[in-house]
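Colleague: I've got this predicted model open and I'd like a close look at one part of it, the place where the chains meet. Could you walk me through the salt bridges there and then work outwards?

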Amino acid sequence: MTTPTTETTSDPLGSTVSTSTTTSAKPSAAATARTSGGAFSPRQMVSSIPAALRKLDPRIMIKTPVMFLVEVGAAFTTVMAIISPSLFAWGIAIWLWLTVIFANLAEAVAEGRGRAQADSLRAARTTTTAARLDAGGHIEIVPATALRRDDRVRVRAGEVIPGDGDVIEGAATVDESAVTGESAPVIRESGGDRCAVTGGTRVLSDTIIVQITSEPGETFLDRMIALVEGATRQKTPNEIALNILLAVLTIIFLLVILNLQPLAIFSGARQSLIVLTALLVCLIPTTIGALLSAIGIAGMDRLVQRGVLARSGRAVEAAGDVSTLLLDKTGTITEGDRKATGLLPVTGVSADDLARAARLSSLADETPEGRSVVTYAEEQFPAQSAIAAPADAEFVPFQAKTRMSAIVLPTGEKIVKGATNEVLAWVEAHDGTVPADARTIADEVSAGGGTALVVATHAPEMPARVLGVIRLSDIVKAGMPERFARLRAMGIRTVMITGDNRLTAQAIAAEAGVDDFLAEATPEDKLALIRREQEGGHLVAMTGDGTNDAPALAQADVGVAMNTGTSAAKEAGNMVDLDSDPTKLIEIVEIGKQLLITRGALTTFSIANDVAKYFAVIPAMFVAAFPGLAALNIMGLHSPESAILSAVIFNALVIIVLIPLALRGVRYRPQAAAKLLGHNLLVFGVGGLIIPFLGIKVIDLILTLIPGLN
Amino acid sequence: MAALIPGILQILLVFAALALCYRPLGDYMARVFTTTSHWRVERAIYRLGGINPDAEQGWRSYLRSLLWFSLVSILLLYLIVRTQSVLPFAGGHTGLTPDQAWNTAVSFVTNTNWQSYSGEAALGVSAQAVGLAVQNFLSAAVGIAVAVALFRGLARTETSQLGNFWVDLVRGSVRILLPLSTVFAVVLLAGGVVQNLADPVTVHTLGGAVQHIPGGTVASQEAIKNLGTNGGGYFNANAAHPFENPSAWTNLLQVFLMLLIPVALTRTFGVMIGSKKHGYAILSAMGILYIASLAGVIASELVNASGALHAAGSALEGKELRFGVIGSDFFAVSTTMTSTGATDAAHSSFTPLGGGLLVLNMVLGEISPGGVGSGMYGMLMIAILSVFIAGLMVGRTPEYLGKKIGPSQMKLASLAILVMPATVLIGTAVAFSLPSVRASLSTSGPHGLTELLYAFVSAANNNGSAFAGLSANTPVLNVMLGLAMLLGRFLPIILVLALASTFAEQRRVPDTAGTLPTHRPLFIGVMAGVALLVSALTFLPALALGPIAEALG
């Protein structure tokens, strides 16, 4: 492929990469920056002309049979025009060639939009070498392309990671902006869920040993390049089905034309082969045939612009069909961290006492939840903020085993906070009695969707006592209920997945407006839920990042792995979200739907167009034999020649006019299917019937200005 | 125009009768094809044929049985009409020539009933009753069987079994067609249709000439001729003959019989797939096309500007006065819309646009309501095509009744739709290139073109009606039209059964708000529109050179 240079790093590469995939914390802004081609512009069309001409090669054309037939027709009419030249013959021949070129142009423009991005990505790939460790631990410098699965490489600060892999030794900060467009460095370390690194990203600090997990040419970067270029694009099932329909329509119209000449001869109105070819091209579904592959490429491109890489077009299509969406509660539906939202003392304890204990126990607690307790206590009880933390207090961090954290003050007083059952048991174990309302308060907090942290204290020589409950609440992200309502309108059921208990889950589910929830979910539960939904005929989409999400990601019809996730998760999913934004699923579904709608709309438009073309061409062909057929010339076209030529020109121009729509996609607004169909039928069906009448008439008026055609 | 009101009332009467029978007959047929119990007579038949009626078949096996059965039927019928001179009650008729026998055998087994022979002049009682009438039942039962197999495919999930062809064939004949045609044969007898085994009656006319007027087993054949959308007349004049269709009310009854089973099958469909509203939706799409065509033909026949017709008040040439213009139009539209092909008037004598509409009725693909069974599966192919295009426009990969329309479904459905146009277009193209065929036409120009176009459209759609004017009994036309009938019947059946199987193997995708509703008015309109658009786009050039050129001069 390419020969690697010996330079370990090259400065321009970093900057090239980041200009095309600039940086922003906000996904939406990042998406804008990622738009490789930007909005569609006429300049793109002009620059794509050479590529469009190269595609005239019949060996390439044969892949789109409809347009191949047009090319054959163009070649045929050219020969005819050379044999017996006339302005009409040449006019038809030229416009048939233009029809083919316009079709190729659509595809070339769509491909071109991804190419710029691919080029910069490729730069990241070609300029890397690797420091490979052999069995004895010696380092040899090899080209990155020579790396195989399970090779181990050492990467130092400032170096580019040569291939996809897992960190097996050390920890480092890594700049992943080349791939994700995200400028903030991320930490990658051995073990756990943050061990995956991507080839082409740069280590900023420290040294790590990486075990390669991909074969050459199959790295994430390679796939991404292939994807944005549309090189490995395979036709999706729906595209194949549509192609079958188009092929059958083409065969029918080919038969119509083959049948027409004997009938015409019988009727004493033998037709020239040029006219028959022109009619054939007008009738076969050239509009959708020309734009079909551009629609597919542009759909993938739209995903890439939003920072999502789909393994296959099939996954994008499946996204349009999704009927069940599994969303993790934390980070997707709610803010990542829970916050303290209440201090509830038990009977006989003052609020101030509880606030003091809660704050003291959390001062040394660096978790976001701990900090939120301090903030809340200081906001609600300003007097507390004056009390400084005792210098030599001993902090016992939260442990999964004990399910509580504790602080031992210099006075010997020990304050604990943690899960209800554990703390209450601890109190009893230290000669305390649990007040009657402690559990009631904790249960009420749970029922309200919060998490109860019970605070208790044990001073020396005294029985332990319960002070009260800290209420930690999930904060549902803004706008969530609206988004779920939109999904509901699209026919998609949302299921919230959470490790919380039932009561808590139920309350949050109600607040966020999801349709269902799975509480106390284990990875196995998640997998079982997906299987159950699929058995009911539903298509399931989910996001995940951890290694234990991998089976569920693989099982789901649309599995979106977060780019921050593990290699296992990224391998298992069929999409990767570079922004690691779990709400992206909603956008992915919309893009999938938009892709399908665009296909259907342009197919309808293409077929509906035929009616007007018949009204232009049929009277033109036979008015000499049957003058009465002039009544069918409802457009009042000037002459038979101008009528036929106008239809052919319209047929070619409509491709050009529709390229922007094919690339942008038909606008999709979430609404019930029946409404959507009504709207699109009106625009593309009825519009497809009417527009060509107007278009052909206008072209005919212009043609009458050309001398020699009359 | 005075005839308009009673004419319309007659039509409404037939519609009311159909509405009355819709639910009971549709539900009954659904029970017939879903029950597990066998009648004693059926058990006897199964034992005779060595059939295990409780074993189901996959699509290949179902198809194999169907094709073998049809092949044997063709051979048997061929033998009967070739050797009828040695059969009892032959009435002195000799055997048909090989090409005409081939044409006739294929014609009746494919439910087409194109008759290149003249009924009473060519065939004796035995050939008509043992050969043709039997196939009237069996070919209709085959059509119903295929439709039912497709219903099962849509109704079932994750199975490859589509039912048992022999059971469907036997039940369709024994439980549906035989009882109904027995009842209606008696009603027709009461209406004046003849039924005898006597020799022709010899009559001396006032003018001194001698006429031999043949009778025969007419009533028994007449009932199933319409009920099974067969259409093959006992007499050459078909339903215009007073012995087949004596009066205005038998005329209406025959129209009712043609429409009865195809209409009620939409109910059977709804019941079997568990969604009656989908049955209504299919019926509505059929109804829209039917009523539009009927209105068009009546308008064209009543309102016409050309001289002679204007003087006569309406287009009565070629029509029986006892039926009148509207009665003839009603019959003509029903016979071309149902693949029956019986005629009570000369379609050739219709006004150019009226005759053109009759051709258009057939090129719709015999789907509104179409032949028994074949209309139903034809319309379902259109529904699948509609759902594919419309389904994409709601942003889902298309599905119908919870079944995905993927590449293999699309391939099968669109090929099934392709068969008829391809057969007609290739057939007419070849025929017009042959001087011998052009010589069979009664006239040149657009009318002659319509004659031959009509013949191929009628054959490929298994309709069987003739435009009149064409001398169809030539070896070339007999062979070509026989081939068109054969392809037009069995290629779609093969594809439909394969399609049924791909549906049966699928799971059912549950309905959500994002699912395209396929039973609402909008989609009904789409189905009718797609059917019209596909056939109009395919046949507009041919129609332009035939009926349209004739109409517009």
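Modeller: Sure, let's begin at the interface of chain B and chain A, where the rule finds one salt bridge. The partners are D321(A) and K404(B), whose side chains come together at 3.2 Å, N to O. Keep in mind that this is a predicted model, and every value here is computed from it.

That bridge has company. D321(A) and K404(B) belong to a network of salt bridges that also takes in R396(B) and E399(B). Within chain B, the side chains of R396(B) and E399(B) meet at 2.9 Å, N to O, and both of these residues are buried. As a general point, side chains of opposite charge can pair when their charged atoms come close.

Now for the contact as a whole. Chain A puts in 62 residues and chain B 61. About 4,900 Å² is buried between the two chains, and carbon and sulfur atoms give 79% of that area. On the chain B side, M393(B), L537(B) and L545(B) lose the most area to chain A, together 15% of what that side buries.

Back to charges, this time away from the interface pair. The count over all chains is 35 salt bridges by this rule. One of them joins K225(B) and E244(B), with N to O at 2.8 Å. K225(B) sits in helix α8 (residues 218-227) of chain B, while E244(B) is in the loop between α8 and α9 (248-273) of that chain, so the pair ties together parts that are 19 residues apart in sequence. How much relative accessible area does K225(B) have? It comes to 1%, so K225(B) counts as buried, and E244(B) is buried too, at 0%.

Chain A has a pair within one helix: K613(A) and D610(A), whose closest N and O atoms are 3.8 Å apart. Both lie in α23 (residues 584-622), three residues apart, about one turn of the helix. K613(A) is buried with a relative accessible area of 1%, and D610(A) is buried with 2%.

Staying with burial, look at helix α11 (residues 273-283) of chain A. Ten of its eleven residues are buried, so the helix is largely enclosed by the rest of the structure. Among them are I274(A), V275(A), L276(A), T277(A) and C282(A).

For a contrast, try the surface. L682(A), V683(A), V686(A), L689(A), I690(A) and L694(A) make up a nonpolar patch there, with about 510 Å² of accessible area together. V686(A) belongs to helix α25 (residues 673-703) of chain A and is partly exposed, with a relative accessible area of 37%.

Last stop, the strands of chain A. An open sheet of six strands runs in the order β2-β1-β3-β9-β4-β7, with antiparallel pairing. β2 (139-143) and β7 (196-197) stand at the edges with a single partner strand each, so one side of each has no neighbour in the sheet. Two bridges join β4 (residues 165-169) to β7(A), and D166(A) stands opposite A196(A) in β7(A).

Then there's β5 (residues 171-175) of chain A. Four bridges connect β5(A) with β6 (residues 186-189), running antiparallel, and T173(A) faces I187(A) in β6(A). β5(A) also pairs with β8 (residues 202-205) in the antiparallel sense, over three bridges, where D175(A) stands opposite R202(A).

Technical notes:
Residues are numbered from 1 along each chain as its sequence is written. Chains are lettered from A and ligands numbered from 1 in the order in which they are written. This is a predicted model: local features need pLDDT of at least 70, side-chain atom pairs count only at pLDDT 80 or more; totals for chains, interfaces and linings use all residues. Side-chain values use heavy atoms; hydrogens and water are left out. Two strands pair if DSSP finds at least two bridges between them. Buried means under 20% relative accessible area, exposed over 50%, partly exposed in between (1.4 Å probe, protein chains only). Patches are made of residues with over 30% relative accessible area and no salt bridge: like charges are joined within 9 Å, nonpolar side chains (Val, Leu, Ile, Met, Phe, Trp, Tyr) within 5 Å. Accessible areas come from the Shrake-Rupley method with a 1.4 Å probe; for residues, only the protein chains shown count as cover. A salt bridge is a side-chain nitrogen of Lys or Arg within 4 Å of a carboxyl oxygen of Asp or Glu. Contact means heavy atoms within 4.5 Å. Buried area is the accessible area (1.4 Å probe) that two parts lose on being put together, summed over both.
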